[in-house]
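Please work through the exercises below with the sequence and the model at hand. Each task is followed by a solution in steps.

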Amino acid sequence: SDQAYEIKKACQHLQTRPQVEYPFDILPSHKLTGRLFGKQAKDTYFMLRDDVVYMNHGAFGATPIPVFDTYQEWQREFEREPVQFMSGNYFSYLYDNIIALSDFIGADPEDVHLVENATTACNTVLKSLDYTVESNIVHVNGYGAVNNAIKQISEKKGIEYRTISDDPPIDIENLLLMWEEYIDDNTTLCVIDHISSTNAFVYPIEKFIEIAHNRGKPVLVDGAHTVGQIDINMREIGADFYTSNCHKWLCSPKSCAFLYTDKSYSYNIEPLVTSHGYFDGINSRFAYVGTCDKSAYLCIKSALKFREYYGNSWKDYNYQLLRNACDILCEKWGTPIVTPLKDYDERKVAQFCTFMLPVHLHRVTNAKEEAKLIQQRMFDEYNIEIYVIPFQKVQRLGVRICAQIYNELSDYEKVADAILEILGSLI
């Protein structure tokens with residue numbers, strides 16, 4: 001078809017890297033009014049409600065207004081002449097954004113494919129592999145949706161899945177031992193988070209990958225929270241499959257993520273939808289999966305440019321803010337942080353962290369229900385959006401606090417006091 005021809009032709013851009021001319025400025029300089037932080041950044045660059053303390057950037061991210069404006073401009077560009085847009089330069093714009101992202105994550109562009117979110121990417125890998133009745137999947141307990149996808153594959157294929165608990169306290173050496181013990185000759189895939197969405201722990205995934213590869217087994221890394229938050233390099237990490245959401249910590253518009261696949265699997269991995277480019281190689285397969293709004297994909301370069309505008313000051317601010325917030329919560333709650341504070345001093349951490357709530361103020365009897373109750377009360381009564389985590393195996397509650405350029409230290413003071421008041425009311 002004509003569509004397949006345009007996709008295949010544009011695929012050559014991944015190798016030739018031609019200069020792509022855009023129909024408009026993808027991040028106008030006049031919209032960048034300074035490297036602002038805290039309330040100034042929130043008021044100037046974000047659409048977040050002014051009356052809400054937004055402590056949950058890790059949920060869905062937040063898109064800076066200049067990047068969001070570009071997103072809407074792409075939508076308007078599509079609507080002005082849909083046929084000419086899709087049969088014209090759309091795929092050139094798409095691959096140009098893939099090239100920019102690939103350079104940022106240390107990957108070859110032909111190994112990077114854009115999908116809506118990390119959950120889609122994990123499902124894509126899980127449903128592309130071949131299983132036998134003897135197969136098993138080994139995974140460190142991760143994001144709920146991915147856990148469900150693994151369980152679904154297990155039930156449909158009649159295979160075993162082996163789960164390693166990641167409830168705190170985290171003992172990396174024990175996790176590595178269990179990982180090695182669970183992997184056997186029948187393991188088809190090993191799955192692990194890079195940064196846990198619950199305990200906020202940054203796993204030394206290179207060690208996990210080495211163990212699996214020594215047994216000849218592929219590894220899928222769910223790095224939903226990594227790109228834009230910690231430095232990642234696909235060539236150095238060495239995973240067979242890796243995914244991350246651009247709309248979280250890279251602050252692109254929603255529904256934008258990547259799936260990295262090692263070249264040895266380029267013939268195995270298929271998108272969940274079969275469309276025009278299916279028979280022209282893996283890049284064409286993922287480039288077009290039917291009519292849907294992919295404007296967010298064309299904003300990756302805009303998001304990267306916004307981050308480049310801030311330079312190192314973005315991470316410097318977030319790390320220092322989080323470190324100071326840790327001191328406040330440790331003092332007020334008298335409770336441990338899941339990740340050791342020394343790791344924060346050495347920046348071996350993410351830009352969010354998890355605290356266990358003080359048990360001396362509230363004895364947990366139903367972690368799941370009580371977490372939902374406290375999280376809703378934090379929003380309804382204190383206008384604080386925060387993730388309260390049920391650790392059901394140990395019947396404890398935790399809270400995940402995030403540091404982003406629109407936060408400031410007073411936000412964490414409010415969090416600390418609100419939690420104490422709510423727990424006090426439950427006694």
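The exercises below concern a predicted model and treat its sheet, a central strand, a pocket and two loop residues.

**Exercise 1. Determine the strand order of the seven-stranded sheet and identify which strands stand at its edges.**

Step 1. The seven strands follow the order E2-E8-E7-E6-E5-E3-E4. The sheet is open, and its pairing is mixed.

Step 2. Strand E2 (112-115) and strand E4 (160-164) each have a single partner strand, so one side of each lacks a neighbour in the sheet. These two strands are therefore the edges.

Step 3. Direction ignored, neighbouring strands of this sheet are turned against each other by 15 degrees on average.

Step 4. Two helices that pack on the sheet can now be placed. Helix H7 (residues 90-105) touches E2 and strand E8 (257-261), and its direction makes about 115 degrees with that of E2. Helix H10 (residues 172-182) touches strand E3 (136-140), E4 and E5, and its direction makes about 170 degrees with that of E4.

**Exercise 2. Describe the surroundings of strand E6 (residues 219-222): are its faces covered, and how does E6 pair with E5 and E7?**

Step 1. Consider the faces. Val219 and Val221 point to one side, Leu220 and Asp222 to the other, and all four are buried. Both faces of E6 are thus covered.

Step 2. Consider the pairing with E5 (residues 187-193). E5 and E6 run parallel and are joined by four bridges; within this pair, Cys190 stands opposite Val219.

Step 3. Trace the connection. From E5 the chain passes through helix H11 (residues 205-214) to E6, a β-α-β crossover that is right-handed.

Step 4. Consider the pairing with strand E7 (residues 241-245). Three bridges link E6 and E7, again in the parallel sense. Val221 stands opposite Tyr242, and Asp222 has Thr243 as its bridge partner.

**Exercise 3. Characterise the largest pocket: what is its volume, and which element supplies the largest share of its lining?**

Step 1. The largest pocket holds about 1,000 Å³ of space.

Step 2. Its lining consists of 40 residues; Tyr143, Gly144, Ser197, Thr198 and Tyr387 lie nearest the centre.

Step 3. Elements that each supply at least two lining residues are helix H4 (57-60), helix H8 (118-128), helix H9 (144-157), helix H17 (367-382) and strand E11 (387-391).

Step 4. The largest share, five residues, comes from E11.

**Exercise 4. Locate Pro28 and Gly142, and decide whether each is buried or exposed.**

Step 1. Pro28 lies in the loop between helix H2 (13-16) and helix H3 (38-45). Gly142 belongs to the loop between E3 and H9.

Step 2. A residue counts as buried under 20% relative accessible area. Pro28 has a value of 13% and is therefore buried. Gly142, at 17%, is likewise buried.

Step 3. Examine sequence-distant partners. Pro28 and Val67 are 39 residues apart in sequence, with their C-alpha atoms 9.5 Å apart in space. Gly142 and Asp193 are 51 residues apart along the chain, and 6.2 Å separates their C-alpha atoms.

Step 4. Leaving aside residues up to four places away in sequence, Gly142 touches Asn147 and Asp193.

Notes
Residues numbered from 1 in each chain as written. Predicted model: local features only at pLDDT ≥ 70, side-chain atom pairs only at ≥ 80, totals over all residues. Heavy atoms only, no water. Buried < 20%, exposed > 50% of the residue type's maximum accessible area, 1.4 Å probe, protein only. Pairing = 2+ DSSP bridges. Right-handed = clockwise from strand over helix to strand, strands pointing away. Axes fitted to C-alpha atoms, helices over the stretch in contact; angles between N-to-C directions. Contact = heavy atoms within 4.5 Å. 1 Å grid on protein atoms, 1.4 Å probe; cavity = no way out; pocket = protein on both sides within 12 Å on 5 of 7 lines; lining within 4 Å. Points joined across faces, edges and corners; volume = space filled by probe spheres on them.
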